[in-house]
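Trainee: I have a structure open and do not know where to begin. Could we go through it feature by feature?

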Amino acid sequence: MKKKTVGLLLGCLMAVLSVIVFPGRTAYAADYSSLQEGDIVEFGSYPQKLVTDTDLISNLNSVFKNWRSYPYYSKNTASDAKKHPSAKDTSMMKYSDFSYGGKKYRAVSISKYRPYDTTDPADGEGMGTYGNQASQGYTKGTYYFEYQPIRWIVVNKAQGLLVTEKILDSQPFNAYYYSAEAAFNETQARSHVNNDTSASDYYYSTVRYWLNGVDTYYSNYANFSFIGTAFSTDAQKDAVYTTSFDVVGYDNKTRIAVDRVFLLDKATVNSVISSTGNDFYPTETTDYARAQGVAKTNITWRLRDRYGMSSTYFVKDGQVDESVAGDTNGYITATFVGIRPAIRTNLNSDLVTKTFQIRVNASDSGAPVISWALQGASANYRVYRCSAKADKNNESSWTFLTGLGPGVSSYTDTTAQIGNGYYYRVVMIRNNQATLSNNVGFDYRVPAPTLTNCAPDAETGFLRVSWNRSAGAYKYYVERRIANGGTWSRVFTCSDDQSAEYEYLDRSTLAGNEYEYRVQATSGTYTEYDSEWSNVKKAKCVPGRPTGMTFSDNTDGMPRVSWTPASVNLCVGYRVRYAAVGSSTWTELFTTSTTAVLTEAVPGTVYNIRVTACMSRTDKSYDSAEVAGKKRCVYAPGFTKTPQDTVTFVGQSDFTITVESTGEGLKYEWYVLRLSNREAGYVLEHTCTDGKWSFTPTAADDGMKFYVVATDKFGRYATPQPAMLMVLSQPTAVRVNVGDEAPFKVTTKYPSYIASYQWQSRKDANSAWSNSGQPGAKTATLKVATTAGLHGWQFRCVVKDKNGNTAVSKPATLKLAPKITKQPKSVYAAPGTKAQFTVAATGKAPLKYQWQSRKNSSAEWTNSGQQGAKTATLKVNATAGLNGWQFRCVVTDANGQNWGSSPATLFTKLGILKQPTNTTASAGSTAKFTVEAYGKATLKYQWQSRKNSSATWTNSAQPGAKTATLSVNTTKGLNGWQFRCVVTDGDGNPLPSKEATLTVK
């Protein structure tokens, strides 16, 4: 291609323009012949830009999505050195492509973090490691990416060889460490059958299958293969040539790959580096690539060349890394290395955009902003402008605005004038050659004004419209229509005098109608540069406001209010509202005159009064602005301080309720209604002349309602609304073991009236109170975690009700007794031995011990005299008579507080105290045999009998056979029979008594 020099640029602009149009297509700035290596072309699209606009994200969240899981490989469980991922993980990330608002988006939902290496577990399970996603801000959740055109760099014009300008995605070279043919046969991969290839052979690599979307593994996920995503139509896919190239495997065998999409080899990259003397075309990552795990810094991208059995070459900082061995960037299962797909195509195809185009948009101030995509690191730019009224095909119509150096991709034309139209174009100069952009028109319209207000005028009711100034405006047109469908008509025109704000009072509106308004700013020359219409506001025209409100007293003492009608009225009457000062409850009346009496006013009460003119008794939206004032109903005493809901404690001796009122010779009568005597109604409880009622509240007063009647010397009276008294219980002293939780609480039947609780504590009666930090300190129940040092501390509760009244409880004392940390256990001992009982306790030292004993659970405890009775261990001389006795220890601390242990029982070894004896009885009488035994309760008895000493014992069925006394009904046949009792203790140990013989006469 013949070079053009910068010096010849302006003289050749028309020549350049003559070759920029393709029939039937948008005009471009360069045709195929003007392309050279390093130029940018656009072809296909791919998810690239992260959506950050919160409103758009909210809308995208509501779009239906057909979620699909991408089958990432992760986790190594192989036991030998030929490790490889053992399983697909379809829960790692999910994807959904959809369209919204004419644009295509991809949603990515991250459930697990992609590991640095496919042989590591996902999400850091086990010994695995996390990838780059979270460190770059892509934590678990859902993200949206906008599809954008793919920009390709022309690597070899003659071959039509292109590589992406940016890293678009992240993929391992091979999802397997060993046996690259695993993509065809997973079973074979796991069993390591195919040992003649390696995972670094590009022919069998999973990245090759992902780029072309053709193998078994990726065919189910064709939407996520590169070719299926980047080229959405068959025409686009067909425009990508199939390319064949040799792939030499680890086994030194040559295989021929025939692909549409591929990775560059290092020979191609080094050739470009050698011919340009620079790094290979610099790159950056897209937002989407970083969400897949590509590092934002230290950017590397893969080549297809094999380095060893487990490594491939890659490009780092624009150079091929020739020492890739051991470098994790070259490791074939690494997931964070970038992918720059390469293709071959017809650069003269209509599907390929072979130009750089400019866009012209309005800035925030409305000025034109010309922008374009950067066309290479060495490109310079010149910006030209032509008036829309001039002949843009005449070079003399174009004005040079500015020259811009490399790396600049926009220019704001601050010299453009509002109310004019322009054409813009940019000339790109690179390597002494000029390329012309497309022409883009821009109408510098007057900015639209903003309606700031549309409301009835307070005095007249006519509608007043105001708006902000539009820079560059010549005039303003105000249009009006009946709201919701009327026809717009111009009602006002004014010139721009550079005021900050303009307004218009529309005196042609009629009360009872609703109108809409809009404003337009004009340029004064060409209507095509007039502004857009402003926002629309609407309002209702209402009657004028009444004036001159005056007050007087009616003959019955009620307040009377009068007013003067507005000069512009058109109303059917007046709406009068009044409410006691401080109240939100309004009483309303309607009148057709200009006077009203507040017939429901309460004597002594001050009222806010409002009057409006109205068009309807029911529709208040057409009421005029109001006139307002205040008036007291003065014909009776009036309260200036009324009773209010109040909180107190039981037994608060200084409790007083106070009211204040105006009037002469006042007497106050207090009435109460107690819950315990509702049927009696309100009962007079107290009479005074100072408005104060003092009494000591009781628990029965909780929930009591009360009100007061004030009567002046003329017999006129006033009464406010009833109020309620909340009476809380006093906290009581608590005695617990050291270390246990000590609860202090106050209660009321009406907790919803309480605004706050605050527990306080002090060391003793002479110390100052301070707010407690114990659990529940701001609730009705304080839970004190006790230590020995808190014995004797006092606690009280400060309570506030919703009216701001405060009540303080009486102090309650915490008493701490020793805590038995080890209870004595029951002992089983033989008579004549020592039985030992031990207790352990905590508390304020020194601790004192006193062992006590009792015969059984119903007997009284008495201090023991046994050995060690005043120590932690008691030693008891076990005897048969002590069987079943109970022992406990009373522990006393240095504060004099004591605590008794649980009782423990002494069981002596099973024995017979009294053996059954021989018995003589007459036939037909009852013979009795008795045994007396001791041992661990509960003892069981079983009498047995036999005919003589050589016979076998059998259980008796005679009366009392299971008790200590057996009753035998004698017969002649029982003469000489023997009887004995088998006694069994609580542990199941049996002991037979001696035999006794029955003689029957």
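Mentor: We will take the whole chain, then one sheet, a strand pair, some backbone angles and two pockets. Keep in mind that this is a predicted model.

Trainee: How many helices and strands does the protein chain have?

Mentor: The protein chain has nine helices and 76 strands. Of its 1001 residues, 48% are buried. Contacts add another view: among those between residues at least 6 apart in sequence, 64% join residues at least 24 apart.

Trainee: Let us turn to a sheet. What is the strand order in the open sheet of four strands?

Mentor: The order is E28-E27-E30-E31, and the pairing is antiparallel. At the edges are strand E28 (489–495) and strand E31 (537–540), each of which pairs on one side only. From one strand to the next the twist averages 25°.

Trainee: How many bridges join E27 to E30?

Mentor: Eight bridges join these two strands, E27 and E30, which run antiparallel. Strand E27, residues 475–482, also pairs with E28 in the antiparallel sense, over six bridges. On the far side of E30, the antiparallel pairing with E31 has four bridges.

Trainee: Which residues could I use to find these pairings on screen?

Mentor: For the link to E28, look at Arg 480, which stands opposite Ser 489. For the next link, Ile 482 has Tyr 515 in E30 as its bridge partner. Tyr 515 in turn has Ala 539 in E31 as its bridge partner. Following those residues takes you across the sheet.

Trainee: Why is strand E30 described as largely enclosed by the rest of the structure?

Mentor: Eight of the nine residues of strand E30 (residues 514–522) are buried, so E30 is largely enclosed by the rest of the structure. The cut-off for buried is under 20% relative accessible area.

Trainee: How should I read the side chains along a strand?

Mentor: In a regular strand, side chains alternate between the two faces of the sheet. Strand E40, residues 646–649, gives a case: Thr 646 and Thr 648 point one way, Val 647 and Phe 649 point the other way, and all are buried.

Trainee: In which sense do E40 and strand E48 pair, parallel or antiparallel?

Mentor: E40 and strand E48 (residues 723–728) pair in the parallel sense, over four bridges. One place to look is Thr 648, whose bridge partner in E48 is Val 727.

Trainee: What should I look for in the backbone angles?

Mentor: Most residues other than glycine have a negative phi, and most peptide bonds are trans. Asp 317 has a positive phi, near 55°. Asp 317 lies in the loop between strand E13 (312–316) and strand E14 (319–320).

Trainee: Is Asp 317 buried or exposed?

Mentor: Asp 317 counts as exposed, because its relative accessibility is 55% and the cut-off for exposed is over 50%. Gln 498 also has a positive phi, of about 65°. Its place is the loop between E28 and strand E29 (501–506). Gln 498 is exposed, with a relative accessible area of 64%.

Trainee: Which residues does a cis peptide bond join?

Mentor: The cis bond joins Ala 845 and Pro 846, with omega about 0°. Pro 846 lies in the loop between strand E60 (840–842) and strand E61 (848–854).

Trainee: Now the pockets. What is the volume of the largest pocket?

Mentor: The volume is about 1100 Å³. Its lining has 38 residues, and nearest the centre lie Ile 40, Ile 153, Glu 165, Gly 376 and Ala 377. By class, twelve residues of this lining are nonpolar, 16 polar and ten charged.

Trainee: Which element gives the most to the lining of the largest pocket?

Mentor: E7 gives the most, with six residues. The elements that each supply at least two residues are strand E1 (40–50), strand E7 (141–156), helix H8 (266–276) and helix H9 (287–292).

Trainee: And what is the volume of the second largest pocket?

Mentor: The second largest pocket has a volume of about 640 Å³. It is lined by 29 residues, and Ala 580, Val 602, Thr 605, Pro 720 and Gln 721 are the closest to its centre. This lining has 15 nonpolar, eleven polar and three charged residues. E34 gives the most to it, with three residues.

Notes: Residues are numbered from 1 along each chain as its sequence is written. This is a predicted model: local features need pLDDT of at least 70, side-chain atom pairs count only at pLDDT 80 or more; totals for chains, interfaces and linings use all residues. Side-chain values use heavy atoms; hydrogens and water are left out. On a 1 Å grid over the protein atoms alone, a cavity is a set of points where a 1.4 Å probe fits but cannot get out, and a pocket is an open set with protein on both sides within 12 Å along at least five of seven lines; lining residues have an atom within 4 Å of a point. Grid points are joined across faces, edges and corners, and a volume is the space filled by probe spheres set on the points. Ala, Val, Leu, Ile, Met, Phe, Trp, Tyr, Cys and Pro count as nonpolar, Asp, Glu, Lys and Arg as charged, and the others, Gly among them, as polar. Two strands pair if DSSP finds at least two bridges between them. Axes are lines fitted to C-alpha atoms, for helices over the stretch in contact, and angles run from 0 to 180 degrees between N-to-C directions. Buried means under 20% relative accessible area, exposed over 50%, partly exposed in between (1.4 Å probe, protein chains only). Contact means heavy atoms within 4.5 Å.
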